[in-house]
Structure formats: structure tokens, C-alpha cells
Amino acid sequence: MAVLAGSPAVDHIPLLRSPDPGDNFSGMPVVDLSSPGAPRAIADACERFGFFKLVNHGVPADTMDRLESEAVRFFSLPQADKDRSGPAYPFGYGSKRIGLNGDMGWLEYLLLAVDAASLSAACAVPSCALFRAALNEYIAAVRKVAVRVMEAMAEGLGIAPVDALSAMVTAEGSDQVFRVNHYPPCHALQGLGCSATGFGEHTDPQLISVLRSNGTSGLQIALQNGQWVSVPSDRDAFFVNVGDSLQVLTNGRFKSVKHRVVANSLKSRVSMIYFGGPAMTQRIAPLPQLLGAGEQSLYKDFTWGEYKKAAYNSRLGDNMLAHFHR
Ligand SMILES: C=C1C[C@]23C[C@@]1(O)CC[C@H]2[C@@]12CC[C@H](O)[C@@](C)(C(=O)O1)[C@H]2[C@@H]3C(=O)O
Ligand SMILES: O=C(O)CCC(=O)C(=O)O
Ligand SMILES: [Fe+2]
């Protein structure tokens, strides 16, 4: 992977070709959650792209803006103060290093554990009461959206009960994670025709990810033909993606989408992502309601705990699911 010689600021950060304005995703599925057609539109988008934009989701702009302002305030603290909330593993503040296996990106972040509906009480960060309150309010709201979307997925797939998928994230002991990412502008690369990797290409291991970002673009997804396209930002919408576990539960009908973030040379990007995962002991296997007569699972049997362990022992860009294919 190319790294820029002589620019210590971006040392060890992989570089990417600058996004080309023509790469904007023109076919982006946009789903109105308040519309009766939402379940079918969601299932269709998950089958074609594993990704869609969600509007009319009902989360007040205030809830999103408050968390964004608190996050911006946190990330502008002196480095030594932020470092006191680290390291990121298992949960806390991290900078440039992603995971424990050598991945690097042009970002800093907070990785947080989520309990039944809010931040885990045991979660060490952040200590500021206003930030914690904003996190709790936002997490409770985004989690409800994730549940509504998973119910719509079941309806769109034509399976019963309606909570066949969502029950996995509402169950006792479900493994939910929340992440706030800050990608500072990467001035060192301005005008050089390349960009710093903010978050390298990967798929999310969980069932569902629900992302909201400020008005700075940078998120890209890979289409099924391998082409990378840029996702135009929209601070009022959520972007939903299918994770590896949901691909398995649907026996490959829904696609776990490969995505990455390219850092901007001028503007900072702030994103907040809810990752809905099941309980560690949950078996991840195609739902019987989705298997046609004589249809076999494409995957070996495993639990979320086993898959998570394999994922966390992998590099970001590794195709983790490949090891679980029959
Ligand atoms: C390199 C890694 C970071 C990651 C754990 C892993 O070993 C591979 C999966 C990565 C990922 C991607 C989605 C989420 O951001 C995340 C929290 C997750 O559950 O899996 C990250 C992990 C991480 O940053 O710890
Ligand atoms: O920050 C973003 O916009 C996306 C980050 C991401 O894909 C992740 O944290 O898993
Ligand atoms: Fe991701």
C-alpha cells in the first residue's frame, strides 16, 4: 500500500486516489421509513446493495445535533485529556490505530459499549455529564430506528414473526457497540491528487449498522461489480448497512456491503455509528423461514461469539466470512 514519503503527519496511513466527483452514487436507494412501501424497499436495497439511505426516521434533529456538538467539543480537547479516555480496547478513545492488528487510518474515535438501551454504566468514557446525556439520548433513539428497520426487513422478506431479526438486538445480552469517528482535515495531501485513508475498506461483522454523519462526505461503498462509489452526505438522514451476520441469517440474500472512508483535505468529518449485534451465544445460521425446499445453508454453523473472535483477530480488509463458507 502506498504511503507518502517525507510527510510525517500521514506516515503509515495508506493513501487512496482522490475521490472523483463523477463517482457519486447516483443509484442510491432512499427509503422513507414512514411510507407503507418501506419494508419492500428496504429488502430490495439490502439485496441489491446491502446499503440504503433512510429518511423520515423520526429522530429529532436536536438529538443528532446535540451529540455532534458534544463530540466536536470532546475531540477538540488537548491530546493528553483525550488520551486519558483511552486506550480504545476494549472501549475508549483511540487515534489512528484501528483494532489490534496493525490497521491505521486518518481518524480519532470513541468506541463505546451499549447496554439494553443506552451507554453501559460500566463504560469508562466520556466523563462529561453533558456528553453522556447526549450519547444516551441519541443511542436510545437510533436503537429504536434499528429495531424498526429490522422489523421492516422481516416484513419485506415475507417472514414471521415480525421480530425474527430484531429480537436478536433487543435480547438480553445483545452485543451492541457505538462509535463516534472524527476525521480531521488532511491538509498535508491538499492538491496532491491523493487522499488519506480515513477508515480502510471492510465489512461490519454485526447484523446492522446505522450511521449518521455531519455534512462532510467521505464514505464510499463497493457495488457488487467492485466499483467504489461515494455516498453524498446528508446530516438529516441515516445510512443503514447490512453486516456479515445478517448476510448469513438471510443465506446470502442480503449483502454485507464493503465500505471505507476517505479523509477530506479541507473539512472534518464526524460520524456516529450504532452497530447492532446479537448475544455472544446466538447461533448465526440462515433463518429456516428463508430456506426454500432442499436449500442448504451456504455457511458453516457458528455463534456470534465465535465470529466476533475471528473478526477481531483479523485485519480490517480481510474477508472474514470466507472462512465460514461451506
Ligand atoms: C481491524 C479491526 C477493527 C474492528 C475489529 C477488527 O479486527 C476487524 C473488524 C473491525 C470492526 C469494523 C466495524 C466496527 O467499526 C468495529 C467496532 C467492529 O465491530 O468491527 C470495528 C473493530 C474495531 O474497531 O475494533
Ligand atoms: O465513519 C464512517 O463514516 C464509517 C466508519 C465505519 O465504517 C466503521 O466505523 O465501521
Ligand atoms: Fe464500517
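Biologist: How far apart are the end C-alpha atoms of residues 173-278, and how much of that span is helix or strand?

Modeller: The two end C-alpha atoms lie 8 Å apart, and the span is 6% helix and 48% strand, where helices (H or I, at least four residues) and strands (E, at least two) are DSSP runs numbered from the N terminus. This is a predicted model, in which local features need pLDDT of at least 70 and side-chain atom pairs count only at pLDDT 80 or more, while totals for chains, interfaces and linings use all residues. Residues are numbered from 1 along each chain as its sequence is written, chains are lettered from A and ligands numbered from 1 in the order in which they are written, and side-chain values use heavy atoms, without hydrogens and water.

Biologist: Which feature does UniProt place at residues 173-278?

Modeller: The unreviewed UniProt entry gives "domain: Fe2OG dioxygenase" for these residues, although such annotations may be inferred rather than shown by experiment.

Biologist: What makes a residue part of the surroundings of ligand 2?

Modeller: A residue counts if one of its heavy atoms lies within 4 Å of the ligand; 13 residues surround ligand 2, with Asn 181, Tyr 183, His 259, Arg 269 and Ser 271 the closest. Strand 13 gives the largest share of this shell, four residues.

Biologist: Why is the pair between Asn 181 and ligand 2 called a polar contact?

Modeller: A polar side-chain atom of Asn 181 lies 3.0 Å from an oxygen atom of ligand 2, and a polar contact is a pair of N or O atoms within 3.5 Å, so the pair qualifies. His 202 offers a polar side-chain atom 3.1 Å from an oxygen atom of ligand 2, and for His 259 the corresponding distance from a side-chain N or O atom is 3.0 Å. On its own, ligand 2 has 300 Å² of accessible area (Shrake-Rupley method, 1.4 Å probe), of which the protein covers 97%.

Biologist: Which residues come nearest to ligand 1?

Modeller: Of the 17 residues around ligand 1, Tyr 89, Arg 179, Gln 206, Tyr 312 and Ser 314 come nearest. Strand 5 (103-114), strand 7 and helix 7 (304-312) each supply at least two residues of this shell.

Biologist: How do you know that Gln 206 and Ser 314 make polar contacts with ligand 1?

Modeller: A polar side-chain atom of Gln 206 is 2.8 Å from an oxygen atom of ligand 1, whereas Ser 314 uses a polar backbone atom at 3.0 Å from such an oxygen; both therefore meet the cut-off. Taken alone, ligand 1 exposes 470 Å², and the protein buries 99% of that.

Technical notes: A polar contact is a pair of N or O atoms within 3.5 Å; within protein, one must be able to donate a hydrogen and the other to accept it, and residues adjacent in sequence count only if both atoms are side-chain atoms.
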